[in-house]
Amino acid sequence: MVETYIIEQLAALAEYKTLSRVAEELHISQPALSRSMQKLEGELGVVLFERSKNRIALNELGEIAAYHAQKVLSAHDDFIRAVKEADRKRRTFSYGSIAPAPIWELTPILSQLYMGMTISSDLQEREDVLVQGLENGSYGIIVLPHPLDEESYFNKLFLREKLSVLLPKSHKLAKRTSLHLNELSGEHILIYSKIGSWYSLVKEKIPNAIFLEQGELSTLREIVKTAELPSFITDVSGRKSAGPKNKVAVPIADSEADVTFWCVCKKSDATQYTALFSAL
């Protein structure tokens with residue numbers, strides 16, 4: 001059997017052309033490289049090189065051999081990558097969510113159930129991306145604002161979340177018991193850019209608003225404390241970090257602002273998540 005290091009050297013010769021360059025790239029001596037190529041010819045029983053006093057070059061058969069050597073190395077790399085990826089997946093529980101609140105609630109539960117494993121969450125705005133990830137195995141579970149077809153999927157009711165707008169007490173709408181998103185038209189609004197489907201909802205429902213986006217939640221919370229601008233809060237996020245005392249949370253009356261989230265997995269995988277669904 002031809003050893004891998006010899007195949008690697010042959011492929012390098014096709015790429016770099018000269019013994020000196022290959023020796024430099026692979027950190028070996030030229031004599032050692034020459035011996036490897038002679039050993040290869042001996043094992044194959046063919047001549048692969050045209051040799052002169054100070055030069056060695058692949059002949060036509062050598063070019064063919066080098067082409068297949070490159071394919072062997074590529075397959076070798078694919079083999080290593082596939083095994084490592086399989087091991088990573090075996091040690092990682094990955095799931096995707098359409099909104100951040102389910103991630104906040106679900107990750108601690110998963111960490112308790114799958115101790116020793118890495119819990120990986122992915123926030124997406126689009127449902128089709130999440131469903132595709134579930135189908136191709138990128139996610140074991142996804143969280144959506146509705147169940148999926150029960151013939152193919154198992155659905156577990158998980159979490160309800162309601163959206164409110166956080167207003168300065170001096171704001172003209174601050175004394176309302178509720179309001180619709182379109183009543184915030186024209187406002188300058190502070191918003192966290194990583195809120196999944198909530199992001200597209202408020203962008204769609206509030207015409208002519210100017211959104212001042214923040215990508216760091218801790219930074220946004222600090223700005224919200226001092227800025228006389230509207231921002232958003234939910235009953236779930238409010239449990240983790242209440243709004244500042246100089247502002248009031250006014251519930252959003254739009255039906256889309258009251259969301260029930262579902263954990264969804266493939267029906268064929270449901271039994272392996274029995275403990276999780278029981279915990280929910």
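How exposed is Asp-78, in terms of relative accessible area? Asp-78 comes out as partly exposed, at 39% (buried is under 20% relative accessible area, exposed is over 50%, and partly exposed lies in between, with a 1.4 Å probe and protein chains only).

A note for every view: this is a predicted model, where local features need pLDDT of at least 70 and side-chain atom pairs count only at pLDDT 80 or more, while totals for chains, interfaces and linings use all residues. Residues are numbered from 1 along each chain as its sequence is written, and side-chain values use heavy atoms, with hydrogens and water left out.

**View 1. Arg-81 and Asp-78 pair up in a salt bridge.** The N to O distance here is 2.7 Å (a salt bridge is a side-chain nitrogen of Lys or Arg within 4 Å of a carboxyl oxygen of Asp or Glu). Both residues sit in helix H4 (residues 60-91), 3 residues apart, or about one turn of the helix. Helices (H or I, at least four residues) and strands (E, at least two) are DSSP runs, numbered from the N terminus. The structure holds 10 salt bridges, and two others get their own views below.

**View 2. Helix H1 crosses helix H2.** The axes of H1 (residues 4-16) and H2 (residues 19-26) come within 9 Å and cross at roughly 125°. Axes are lines fitted to C-alpha atoms, for helices over the stretch in contact, and angles run from 0 to 180 degrees between N-to-C directions. That angle makes H1 oblique to H2 (under 35 degrees is roughly parallel, over 145 roughly antiparallel, 65 to 115 roughly perpendicular, and the rest oblique). On the H1 side, look for Glu-8, Gln-9, Ala-12, Leu-13 and Tyr-16; H2 brings Leu-19, Arg-21, Val-22, Glu-25 and Leu-26 to the contact (heavy atoms within 4.5 Å). By class, that's 6 nonpolar, 1 polar and 3 charged residues. Ala, Val, Leu, Ile, Met, Phe, Trp, Tyr, Cys and Pro count as nonpolar, Asp, Glu, Lys and Arg as charged, and the others, Gly among them, as polar.

**View 3. Glu-25 meets Arg-21 in a salt bridge.** Their closest N and O atoms are 3.1 Å apart. The two are 4 residues apart in helix H2, so about one helical turn separates them. Glu-25 is partly exposed at 33% relative accessibility, and Arg-21 is partly exposed too, at 35%.

**View 4. H1 also packs against H3.** The angle is about 105°, with the axes 10 Å apart, so the two helices are roughly perpendicular to each other. H1 supplies Tyr-5, Ile-6, Gln-9, Leu-10 and Leu-13, and H3 supplies Leu-33, Ser-36, Met-37, Lys-39 and Leu-40. Sorted by class, this contact has 7 nonpolar, 2 polar and 1 charged.

**View 5. Leu-33 of helix H3 (residues 30-44) up close.** Leu-33 is buried, at 0% relative accessibility. Leaving aside neighbours within four places in sequence, Leu-33 touches Gln-9, Leu-19, Val-22, Ala-23 and Ile-28. The C-alpha atoms of Leu-33 and Val-22 are 8.3 Å apart, with the two residues 11 apart along the chain.

**View 6. Lys-203 and Glu-213 share a salt bridge.** N to O, it's 3.2 Å. This pair links distant parts of the chain, 10 residues apart: Lys-203 belongs to helix H7 (residues 197-205) and Glu-213 to strand E8 (residues 210-214). Lys-203 is partly exposed at 33%, as is Glu-213 at 37%.
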